[in-house]
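Biologist: Please give me a close look at a single part of this model, and then lead me outward from there to the other parts of the chain. I am new to reading structures, so take each step slowly.

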Amino acid sequence: MTSIPATKAAISALKIEQRVERDVKAGIPELDRRNHTESEESMRSYVVREIIGRVHENRQRELDKELADRSAVDIRQLHQEMKNTESLVEKSTAGRLANLVSGLKQRAQEYAALRMDLEMFRQRNGLTREAIYRESKLLHYALIFFIVIMETVLNAFFLSKGSDLGLVGGFFQAFIISMINLGFAVFLAFSLRHCFHQNPLRKIGAGTLFLGVLVTAIVFVLGVGHYREALEANPFTASQVAMTTLQAQPLGIQDFNSWIMVVVSGIALVLLAAKFFVVDDRYPGYTAITRRVKQQQRMWREAHEDAIESVNEMAEDIQESISETEKTIRAQFIQFKASIERSEEIHRHYHEDIIKAQGLLDELVRYYQSYSARMMNRRSAYFGELLRFELDKLPQLNTTGLAQHKRDLATFEEVMDALDQSYREALGVVNRRCESIQASLAALVDTLELDHGLRRA
């Protein structure tokens with residue numbers, strides 16, 4: 001901001017000493033003068049134009065900035081929006097509520113369709129009981145993994161003695177045997193489950209498959225024992241010898257460790273087959289469709305819960321928006337009031353600047369008179385009043401809008417008095433609407449469940 005300069009700076013800028021020297025050479029000021037000289041008058045013009053003019057320009061710029069800031073205040077609009085919360089809530093919830101209703105209806109239809117499929121499956125297959133199966137498959141797979149590893153480790157110990165690679169070679173051979181046993185177990189469980197099917201042809205086919213796989217698995221386990229026995233005699237011909245002895249004497253294993261290996265593999269095979277069988281219901285396909293129905297049931301419940309949670313989140317968002325509006329109104333009111341005070345302070349400072357400028361002009365004139373008296377070796381002849389500003393000709397600050405904003409301040413104070421009540425009422429509207437929507441969703445869920453037969457009346 002341009003301020004009133006010091007006297008020495010103004011004397012230097014006006015070149016008063018050069019003016020005095022020029023005036024003295026021209027015989028000015030006269031001995032008995034009664035008026036100010038042209039140089040003295042130019043001092044007043046300089047102060048008005050250069051000093052007060054710049055100060056006025058900067059003060060006016062500050063006033064204009066404050067006016068623009070106050071004009072940007074929208075306290076009335078924000079307060080009116082808060083009072084119109086009910087219509088805002090209706091607009092905000094209409095679309096979301098429609099989506100929630102549509103989603104619930106779709107979930108109910110999907111759930112009802114799967115329940116219908118389950119009932120038809122039961123009727124077609126003569127089932128009157130619920131499916132019996134393990135809910136979690138994590139423990140199921142963990143036990144299978146444990147059985148496979150234990151079988152592999154035990155068999156690796158027995159196979160390592162005759163392997164060229166020692167324990168490593170025995171481990172890989174044992175692991176391959178365990179994987180083959182795992183495959184037999186899967187087919188045994190699959191065929192055994194289909195033996196409970198009501199279709200006679202499927203029962204016969206499944207029984208035949210079961211017996212075939214069982215015989216093959218027994219032969220394989222015995223073959224592993226023969227291979228283990230032949231492996232110690234000659235690793236290079238162990239496979240051929242095992243196949244020959246297996247065909248000639250299936251139970252003719254003479255080595256005790258080989259029998260232990262046969263027993264370990266047989267137990268692992270039985271355990272794996274039993275585990276695969278009991279993890280699902282004994283009737284084929286019953287577990288799969290039941291799992292789908294229960295999954296859809298969970299999705300239906302989650303859809304209802306998500307809808308309620310969505311309404312709560314929506315209410316929280318609206319309440320947060322109302323809270324931000326309330327904070328904005330208070331902040332704008334404080335800024336608006338402070339801006340009016342700053343504008344009045346700027347106006348007051350400008351009048352103080354004029355007084356300071358008058359003092360500067362007095363100092364300049366005195367210096368001019370004193371310096372001219374010294375140059376002419378006499379006292380200055382003029383002892384009248386010093387130059388005074390013509391106040392009506394000084395630039396005035398434009399305070400357009402300030403009076404109106406002072407009247408607006410009174411209105412805003414009334415708004416602030418009613419703001420707490422408006423805020424509480426707005427939050428009450430949101431809470432009531434949220435409870436109403438939740439009640440309507442609960443009623444819709446009851447209606448959908450009754451209409452689609454998802455529960456009894």
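**A salt bridge and its surroundings**

Modeller: Let us begin with D420, which has a relative accessibility of 37% and therefore counts as partly exposed. Before going further, please keep in mind that the whole model is predicted. The side chain of D420 meets that of R330 in a salt bridge, with a distance of 2.4 Å from N to O. This pair links distant parts of the chain, since D420 belongs to helix α12 (residues 402-451) and R330 to helix α11, with their positions 90 residues apart in the sequence.

R330 also takes part in a salt bridge with E326, where the N to O distance is 2.4 Å. Here both residues belong to helix α11, and because they are four residues apart, about one helical turn separates them. R330 has a relative accessibility of 28%, so it counts as partly exposed. E326, in contrast, has a relative accessible area of 12% and is therefore buried, because the word buried is kept for values under 20%. When you look at this corner of the model, then, you can follow a path from D420 to R330, and from R330 onward to E326.

Staying in helix α11, you can look next at Q332. With a relative accessible area of 14%, Q332 is buried. What does Q332 touch, once its neighbours within four places in sequence are left aside? The residues in contact with Q332 are V73, D74, I75 and L78.

Those numbers bring us to another stretch of the chain, where helix α4 covers residues 75-83 and includes R76. R76 is partly exposed, because its relative accessible area is 40%. If its neighbours within four places in sequence are again left aside, R76 is in contact with D408, T411 and F412. For a sense of scale, you can also trace from R76 to D362, which lies 286 residues away along the chain, and the C-alpha atoms of these two residues are separated by 50 Å.

Helix α11 runs over residues 286-375, and E313 is one of its residues. E313 has a relative accessibility of 40% and so counts as partly exposed. It is one member of a negative surface patch, whose other members are E302, E305, D306, E309, E316, D317, E320 and E324.

A patch of another kind is formed by the nonpolar residues F145, I149, V153, F171, F172, F175 and M179, and its area is about 640 Å². Helices α6 (138-159) and α7 (167-194) each supply at least two of the residues in this nonpolar patch, and the largest share, four residues, comes from α7. F171 is found in helix α7, and with a relative accessible area of 36% it is partly exposed.

To return to charged pairs, a search of the whole structure finds 18 salt bridges, and one of them joins E50 to R54, whose closest N and O atoms are 3.2 Å apart. Both residues lie in helix α3 (residues 38-71), four residues apart, which is about one turn of the helix. The relative accessible area of E50 is 23%, so E50 is partly exposed, and R54, at 45% relative accessibility, counts as partly exposed too. These residues are not limited to a single pairing, for R49, E50 and R54 are linked in a network of salt bridges.

Finally, look at K15, which sits in the loop between α1 (7-14) and α2 (16-25). The phi angle of K15 is near 55 degrees, a positive value in a residue other than glycine. K15 has a relative accessible area of 51% and is therefore exposed, since that word applies to values over 50%.

Technical notes. Residues are numbered from 1 along each chain as its sequence is written. This is a predicted model: local features need pLDDT of at least 70, side-chain atom pairs count only at pLDDT 80 or more; totals for chains, interfaces and linings use all residues. Side-chain values use heavy atoms; hydrogens and water are left out. Patches are made of residues with over 30% relative accessible area and no salt bridge: like charges are joined within 9 Å, nonpolar side chains (Val, Leu, Ile, Met, Phe, Trp, Tyr) within 5 Å. Accessible areas come from the Shrake-Rupley method with a 1.4 Å probe; for residues, only the protein chains shown count as cover. A salt bridge is a side-chain nitrogen of Lys or Arg within 4 Å of a carboxyl oxygen of Asp or Glu. Lys and Arg count as positive and Asp and Glu as negative; His and the chain ends are not counted. The place of a charge is taken as NZ of Lys, CZ of Arg, CG of Asp or CD of Glu. Buried means under 20% relative accessible area, exposed over 50%, partly exposed in between (1.4 Å probe, protein chains only). Contact means heavy atoms within 4.5 Å.
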